Amino acid sequence: MNNQEIYSLIIDKLVELRYVQADQHLNEMDNLIDLGLDSMGLITIIVEMEQATGVEVPDSELVINNFSNIHAFQQYFLG
């Protein structure tokens with residue numbers, strides 16, 4: 001998995017969960033919390049990322065500030 005694949009997966013999930021419109025473009029640094037992402041949406045996206053990458057997020061790191069934008073997801077799941 002690479003940065004673009006993570007970006008696409010997150011965008012697809014944000015559209016599916018109705019946090020953004022399908023035609024809405026997001027920058028990797030756009031704050032997902034400002035889009036209305038809540039804890040349930042965050043957990044849903046993290047579970048998808050764990051399944052796609054095989055990287056498990058420990059419960060202690062399941063906080064919205066660790067995953068506030070797409071770049072943070074990329075950094076976390078790609079190391």
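**Figure 1. Lys13 in helix H1.** Lys13 is found in helix H1 of this predicted model. Its relative accessible area is 9%, and Lys13 is therefore classed as buried, the cut-off being under 20%. Apart from neighbours within four places in sequence, the residues in contact with Lys13 are Thr44, Ile45 and Glu48.

**Figure 2. Helix H1 and its cover.** Helix H1 has 14 residues, and the distance from its first C-alpha to its last is 20 Å, close to the 20 Å expected at 1.5 Å a residue. Its buried residues are Ile6, Tyr7, Leu9, Ile10, Ile11, Lys13 and Leu14. An α-helix has 3.6 residues a turn, so residues three or four places apart point the same way. The cover over the buried residues of H1 includes H2 and H3.

**Figure 3. The two ends of helix H1.** The N-terminal end of H1 is capped by Asn2, which has a side-chain oxygen 3.0 Å from the backbone nitrogen of Gln4. After H1 comes Arg18, with a positive phi near 70 degrees. Most residues other than glycine have a negative phi. Arg18 has a positive phi although it is not a glycine. Arg18 belongs to the loop between H1 and H2. With a relative accessible area of 76%, Arg18 is exposed, as the cut-off for that class is over 50%.

**Figure 4. The largest nonpolar core.** This core has 20 residues, of which Ile10, Leu14, Leu26, Met49, Phe73 and Phe77 touch the most other members. Helix H1 (3-16), helix H2 (39-53) and H3 are the elements that give two or more residues to the core. The greatest contribution comes from H1, with six residues.

**Figure 5. Surroundings of Phe73.** Phe73 is one of the buried residues of H3 and is among the core residues that touch the most other members. Leaving aside neighbours within four places in sequence, Phe73 is in contact with Ile6, Ile10, Leu32, Leu42, Ile45, Ile46, Met49 and Phe67. Among these partners, Ile6 and Ile10 are buried residues of H1. Met49, another partner of Phe73, is also one of the core residues with the most contacts to other members.

**Figure 6. Gln74, a buried residue of helix H3.** Gln74 lies in helix H3, which spans residues 70-78. Its relative accessibility is 2%, so Gln74 counts as buried. Outside its neighbours within four places in sequence, Gln74 is in contact with Asn3, Ile6, Tyr7, Glu28 and Gly79. Two of these partners, Ile6 and Tyr7, are among the buried residues of H1. Ile6 is also in contact with Phe73.

**Figure 7. Helix H3 from start to end.** At the start of H3, a side-chain oxygen of Asn69 reaches to within 3.1 Å of the backbone nitrogen of His71. The buried residues along the helix are Ile70, Ala72, Phe73, Gln74 and Phe77. H1 and H2 are included in what covers them. Gly79 follows H3 and has a positive phi, near 80 degrees. Gly79 is also one of the contacts of Gln74.

**Figure 8. Asn65 in the loop before helix H3.** Asn65 is placed in the loop between H2 and H3. Its relative accessible area is 62%, and Asn65 is therefore exposed. Asn65 and Ile33 are 32 residues apart along the chain, and their C-alpha atoms are separated by 8.9 Å.

**Figure 9. The whole protein, for orientation of the close-up views.** The secondary structure comprises three helices and zero strands, which follow one another along the sequence in the pattern α-α-α. For 79 residues, a compact globule would have a radius of gyration near 12 Å, and the 11 Å of the protein agrees with this. Taken along the principal axes, the box filled by the C-alpha atoms is roughly 30 × 25 × 20 Å. Buried residues account for 33% of the 79 residues. Of the contacts between residues at least 6 apart in sequence, 58% join residues at least 24 apart. The accessible surface comes to about 4700 Å², and 45% of this surface belongs to carbon and sulfur atoms.

Key
Residues are numbered from 1 along each chain as its sequence is written. Side-chain values use heavy atoms; hydrogens and water are left out. Helices (H or I, at least four residues) and strands (E, at least two) are DSSP runs, numbered from the N terminus. Buried means under 20% relative accessible area, exposed over 50%, partly exposed in between (1.4 Å probe, protein chains only). Contact means heavy atoms within 4.5 Å. A nonpolar core is a set of buried Ala, Val, Leu, Ile, Met, Phe, Trp, Tyr and Cys residues joined through side-chain atoms within 4.5 Å. The radius of gyration is taken over C-alpha atoms; the globule rule is 2.2 Å times the number of residues to the power 0.38. Accessible areas come from the Shrake-Rupley method with a 1.4 Å probe; for residues, only the protein chains shown count as cover. The expected span of a helix is 1.5 Å times one less than its number of residues. A polar contact is a pair of N or O atoms within 3.5 Å; within protein, one must be able to donate a hydrogen and the other to accept it, and residues adjacent in sequence count only if both atoms are side-chain atoms.
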